[in-house]
Amino acid sequence: MKLVLDNFTLVIFGASGDLAKKKLLPALYELVKIHDIKDNFRIIGFGRSVYNHETFRNYLGETFAQAKSGVACTDPQFKGFCEKIFYVQGDYEEASAYQRLKEEITLKAQNKQVCSNVLFYLATPPQVSALIIKNLNKTPGLNGKTGQCWNKVIVEKPFGTDLKSARALNHLLAQGFLEKQIYRIDHYLAKETVQNIFAFRFANTFFEQIWNSQCIDNVQIMIAEDFGIFERGRYYEKAGLIRDIIQNHGLQLLATIAMDAPKSDREDAIRDQKLKIFKAIHRMKEKELRNSVVLGQYEGYTQEKNVASDSQVETYAAIKFLINNQRWSNVPFYICAGKNLKKNLTEIVLNFRKPKYEYFKEKNCNFEANQLVIQIQPEEKINLKFGAKRPGEKMIIEPVKMAFDYKTSFTQKGLSAYHRLLEDAILGDQTRYVRKDCVEELWKIVDNIKTGLKNEKPIPYKPKTWGPKVLDF
Ligand code: NDP
């Protein structure tokens with residue numbers, strides 16, 4: 001069944017930036033194409049960079065032409081899309097710029113006799129978020145108090161830098177918008193393979209019965225990137241890997257694996273279960289933290305642009321988490337993530353326990369235990385490793401795998417995470433967005449680690465390796 005989307009105006013703050021150009025605009029182009037929306041949308045870029053409607057369209061056209069999406073400025077369909085893009089130039093703190101933005105939204109909407117539903121997207125660095133929200137709050141027509149139309153606001157990750165700043169941002173948002181109008185992004189939640197974990201666990205009977213400490217020995221979550229910090233030194237020096245990756249993607253993946261079945265697939269049912277996991281994560285004291293966390297920094301990090309020459313910021317972390325509940329008692333969940341590692345890989349491995357009785361003698365068995373491997377990227381697949389008898393006279397056990405791969409099982413292409421998230425926000429579905437209490441609980445976990453390890457120095461590691469060392473995986 002085809003979804004019906006309301007008319008909308010998407011306002012992108014920081015529209016000249018990397019996220020807008022690489023992810024948001026290509027996702028919007030796809031969304032408009034798939035839903036065949038011709039006139040019922042507008043995109044307004046906002047930022048300090050000097051553009052007018054025309055030059056901004058030209059800039060985007062060049063970007064699209066360079067992108068792999070195969071869309072060129074000359075493509076007639078792109079031309080139609082391009083004509084719906086507008087630009088308002090202004091400073092983020094300048095009240096009059098928000099007035100100009102309001103005029104751009106409302107005037108055009110009135111001319112076209114369409115309702116000006118507005119989706120504000122904060123695609124700006126985190127230090128600018130509060131400034132934008134304050135100005136939206138105090139500009140009638142741009143805050144959440146609207147009549148028949150809706151206004152919603154999407155805030156990019158990272159949402160704050162610690163519990164205190166996240167609370168302050170939540171407080172600020174609540175002054176202008178209701179929680180149902182606030183969309184905190186973690187784009188991992190919208191990835192096809194992450195969505196598929198719900199299907200795999202709750203649409204099937206075979207695994208859910210053994211999804212617990214009785215059968216699972218440990219869980220490993222790997223989020224590896226094979227590139228450094230590029231030009232993001234200023235941001236990274238304040239954030240570091242734990243805040244940048246583990247606070248959001250890492251712990252969200254952990255919760256998706258660890259949570260109990262929600263009552264339904266509706267937003268609060270899922271987010272309630274996740275919150276229970278975040279609350280149940282064991283808070284380690286200093287000594288325990290030192291035995292459960294490895295921090296690393298890639299060689300050459302301190303020579304990156306805008307990085308201090310004596311920086312102790314971590315670009316790698318491996319952390320052992322325990323969950324205080326019946327299902328996961330004493331099962332370690334290891335999250336390992338890093339920059340400039342050997343390859344780009346996001347993967348969850350569930351290591352099952354060995355059979356209690358060793359029926360096969362060691363010399364006959366080259367297989368250790370079952371393993372379920374959920375790969376999120378670069379490939380979208382699930383492998384189940386098990387032991388099988390090698391053909392021949394003797395009973396010799398070898399590891400083999402059963403494999404599911406999206407590419408071979410389905411012909412249709414999945415939606416990009418940003419496409420899905422934009423669609424969700426327009427439709428008003430917050431399932432794949434992070435709720436206020438969840439984001440605050442996540443910061444409590446991370447603040448506890450950061451405070452406990454504040455004097456810990458990261459271990460240097462060579463780029464394009466697997467980091468300094470992993471915990472005893
Ligand atoms: P950029 O550094 O490219 O910044 C985006 C735009 O914000 C800039 O072009 C600039 O536009 C404006 N801006 C306002 N204040 C500042 C400032 N103090 N320093 C730099 N730029 C400023 O960021 P990204 O587009 O990469 O990311 C935006 C947000 O999205 C961040 O919160 C990031 O963490 C998040 N994100 C980004 C991803 C990506 O792939 N890039 C992926 C996931 C999340 P102007 O000068 O015109 O005002």
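**Cavities, cores and helix α13 in a predicted model**

About 80 Å³ of space lies in the largest cavity of this structure, which is a predicted model. Two cavities reach 30 Å³ or more, and the second largest holds about 40 Å³.

Let me take the largest cavity in more detail. Its lining is made up of Lys 157, Pro 158, Phe 159, Arg 184, Ile 185, Asp 186, Gln 247, Asn 248, Gln 252, Val 434, Val 439 and Leu 442. Helices α8 and α13 each supply at least two of these residues, and α8 gives the largest share, namely three. By class, six lining residues are nonpolar, three are polar and three are charged.

What surrounds the second largest cavity? Its lining consists of Leu 189, Gln 252, Arg 271, Lys 274, Phe 278, Tyr 433, Val 434, Arg 435 and Cys 438. Here α9 contributes the most, with three residues. Five of the lining residues are nonpolar, one is polar and three are charged. Gln 252 and Val 434 appear in the lining of the largest cavity and also in that of the second largest.

I turn now to helix α13, residues 436-452. At 1.5 Å a residue, its 17 residues should span 24 Å, and because the end C-alpha atoms lie 25 Å apart, the model agrees with that expectation. Among the buried residues of α13 are Cys 438, Val 439, Leu 442, Trp 443, Ile 445, Val 446 and Ile 449; Glu 440, Glu 441 and Asp 447, too, are buried. The elements that cover the buried residues of this helix include α6, β6, α8, α9, α10 and β9.

Next, the nonpolar cores. The largest has 105 residues, and those touching the most other members are Phe 13, Phe 120, Leu 251, Leu 254 and Phe 321. Helix α8, residues 233-258, provides the largest share of this core, 13 residues. A second, separate core has 39 residues, including Tyr 59, Cys 82, Ile 85 and Tyr 183.

Which residues does Phe 120 touch, leaving aside those up to four places away in sequence? They are Val 11, Phe 13, Leu 101, Ile 105, Leu 136, Leu 142, Asn 151, Lys 152, Val 153, Ile 154 and Phe 177.

Finally, a pocket. The second largest pocket has a volume of about 330 Å³. Of its 15 lining residues, Pro 355, Glu 358, Cys 365, Phe 367 and Glu 368 are the closest to its centre. This lining comprises eight nonpolar, two polar and five charged residues.

Terms used. Residues are numbered from 1 along each chain as its sequence is written. This is a predicted model: local features need pLDDT of at least 70, side-chain atom pairs count only at pLDDT 80 or more; totals for chains, interfaces and linings use all residues. Side-chain values use heavy atoms; hydrogens and water are left out. A nonpolar core is a set of buried Ala, Val, Leu, Ile, Met, Phe, Trp, Tyr and Cys residues joined through side-chain atoms within 4.5 Å. Buried means under 20% relative accessible area, exposed over 50%, partly exposed in between (1.4 Å probe, protein chains only). Helices (H or I, at least four residues) and strands (E, at least two) are DSSP runs, numbered from the N terminus. Contact means heavy atoms within 4.5 Å. On a 1 Å grid over the protein atoms alone, a cavity is a set of points where a 1.4 Å probe fits but cannot get out, and a pocket is an open set with protein on both sides within 12 Å along at least five of seven lines; lining residues have an atom within 4 Å of a point. Grid points are joined across faces, edges and corners, and a volume is the space filled by probe spheres set on the points. Ala, Val, Leu, Ile, Met, Phe, Trp, Tyr, Cys and Pro count as nonpolar, Asp, Glu, Lys and Arg as charged, and the others, Gly among them, as polar. The expected span of a helix is 1.5 Å times one less than its number of residues.
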